[in-house]
Amino acid sequence: MNKSAIITGASSGIGKALAFELARNGYDLFLTARNEDALQNVADECVKKIGVKVEIFTADLADSGATGVLIKAIAKRRFDVLVNNAGFGVKGNFAETNITEELEMLNVQLAAMLRLTKAVLPEMIEHKGGKILNIASVYSFSPVPMQAAYSASKAFMLSFSSALQDELKETNIQVSVVCPGITQTEFRTRAGIADKKNSGMTAEKVAAIAFAEMSKGKHVIVPGFQNKVFAFVSKHLPPSLITKFIRVINNIRGVNKKN
Ligand SMILES: NC(=O)c1ccc[n+]([C@@H]2O[C@H](COP(=O)([O-])OP(=O)(O)OC[C@H]3O[C@@H](n4cnc5c(N)ncnc54)[C@H](OP(=O)(O)O)[C@@H]3O)[C@@H](O)[C@H]2O)c1
């Protein structure tokens, strides 16, 4: 019997690439996101080209009721891997951004992650094994002006993942947290972030590195040399300097430009 993985945000970008990566490595899939057609296309390709079993489940994780329905649907099911990937960014000065969007972002990236993790852990503990793969960001290591709530949510994911890994050290359950830098996905368009087209890594490359490093038991995974340097600098500069440094870089890249 194949192993099984549940992936949030599997309709595009890194989540979709992870769906193919896990399928190629012999996992049956349970894929969720809002866009049913896009999910179905990913599922059809995985079934036809790779031959794994795939279920899809549409849910808006910004809506706590819909997250509850998803959790009911997977109750008592055993998954070998949970990938908490769904997410989006909100850009702008915090004084001017839309608080509803920010709270929805926290629901998708944090509340849904916590609830899904709590939902799958009992079965993983009972079966003495499993992996949780959280998709955070290089921004987990630094406060980012103009993306204040987004970067803080990614810092939460990193901190939570490391504490959970310690709590689970007597079990055979591994928590890995991936901290990608710029990746070629829908993310920046959706967040209204202007940036050079096709800059950054491909989602496929990020997914391949994430799967390979998770399989080796790595806890914090930073894909690519440039991102490793960025993470190192972020960890070692005081907040007042790192925020200045990131603001300058993002101004040069046009990321902070008003839409
Ligand atoms: N791209 C980057 O540069 C970058 C860098 C660092 C970290 N990341 C992180 O990588 C993760 C994946 O993003 P991506 O780059 O692959 O962007 P993406 O192509 O926009 O994919 C985001 C995924 O999240 C799902 N999603 C968004 N809002 C949702 C909601 N309300 N309910 C359920 N699902 C929702 C989307 O599906 P539907 O729209 O179908 O719901 C989609 O499948 C995110 O957590 C992001 O923060 C991205």
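Here are some exercises with worked solutions on the predicted model shown above.

**Exercise 1. The chain as a whole**

Task: Work out how many helices and strands the chain has, and how its radius of gyration compares with the globule rule.

Solution:
- Step 1. Start with the secondary structure: 9 helices and 9 strands make up the count for the chain.
- Step 2. Next, take the radius of gyration, which is 18 Å, close to the 18 Å given by the globule rule for 259 residues, so the chain is as compact as a globular protein of that length.
- Step 3. For the overall dimensions, follow the C-alpha trace along its principal axes, where the chain spans about 50 × 40 × 35 Å.
- Step 4. Finally, look at burial and contacts. Of the 259 residues, 43% count as buried. Among contacts with a separation of 6 or more, 69% are between residues 24 or more positions apart.

**Exercise 2. Around the ligand**

Task: Find how many residues surround the ligand, and which helix gives the most to this shell.

Solution:
- Step 1. The ligand is surrounded by 30 residues, and the closest are G9, G13, R34, N35 and G87.
- Step 2. Sort the shell by helix: α1 (13–24) and α6 (187–190) each supply at least two residues. Helix α1 gives the most, with 3 residues.
- Step 3. Sort the shell by chemistry: 14 residues are nonpolar, 12 are polar and 4 are charged.

**Exercise 3. Two helices side by side**

Task: Decide whether α4 and α5 are roughly parallel or roughly antiparallel.

Solution:
- Step 1. Find the helices: α4 covers residues 99–126 and α5 covers residues 148–167.
- Step 2. Their axes are 10 Å apart and the packing angle is about 10°.
- Step 3. Angles under 35 degrees count as roughly parallel, and α4 and α5 are therefore roughly parallel to each other.
- Step 4. Now see which residues meet. From α4 come E102, M105, L106, Q109, L110 and M113, and from α5 come A149, Y150, S153, F156 and M157. This contact is made up of 8 nonpolar, 2 polar and 1 charged residues.

**Exercise 4. Positive phi outside glycine**

Task: Classify K76 and M146 as buried or exposed, and say where each is found.

Solution:
- Step 1. K76 is not a glycine, yet its phi is positive, about 65°. M146, also a residue other than glycine, has a positive phi near 75°.
- Step 2. Place them on the chain: K76 is in the loop between α3 (64–73) and β4 (81–84), while M146 is in the loop between β5 (130–135) and α5.
- Step 3. Count neighbours. K76 has 7 C-beta neighbours inside 10 Å, so K76 counts as exposed. M146 has 21 other C-beta atoms within 10 Å, so M146 is buried.

**Exercise 5. N2 and V54**

Task: Describe the surroundings of N2 and V54, including which residues each one touches.

Solution:
- Step 1. N2 sits in the segment before β1 (3–8). With 15 other C-beta atoms within 10 Å, N2 is partly exposed.
- Step 2. Leaving out residues up to four places away in sequence, N2 touches G26, Y27, D28 and V52. Take G26: N2 and G26 are 24 residues apart in sequence, and their C-alpha atoms are 6.0 Å apart in space.
- Step 3. V54 lies in strand β3 (residues 54–58), and with 21 C-beta neighbours inside 10 Å, V54 counts as buried.
- Step 4. With the same sequence neighbours left out, V54 touches D28, L29, L31, A43, C46 and V47. V54 and A73 are 19 residues apart along the chain, and 15 Å separates their C-alpha atoms.

How values were computed: Residues numbered from 1 in each chain as written. Predicted model: local features only at pLDDT ≥ 70, side-chain atom pairs only at ≥ 80, totals over all residues. Near = placed C-beta within 6 Å. Helix = DSSP H or I, 4+ residues; strand = E, 2+ residues; numbered from the N terminus. Nonpolar A, V, L, I, M, F, W, Y, C, P; charged D, E, K, R; others polar. Rg over C-alpha atoms; globule rule 2.2 N^0.38 Å. Buried ≥ 20, exposed ≤ 12 C-beta atoms within 10 Å, placed from the backbone. Contact = placed C-beta atoms within 7 Å. Axes fitted to C-alpha atoms, helices over the stretch in contact; angles between N-to-C directions. Parallel < 35°, antiparallel > 145°, perpendicular 65-115°, else oblique.
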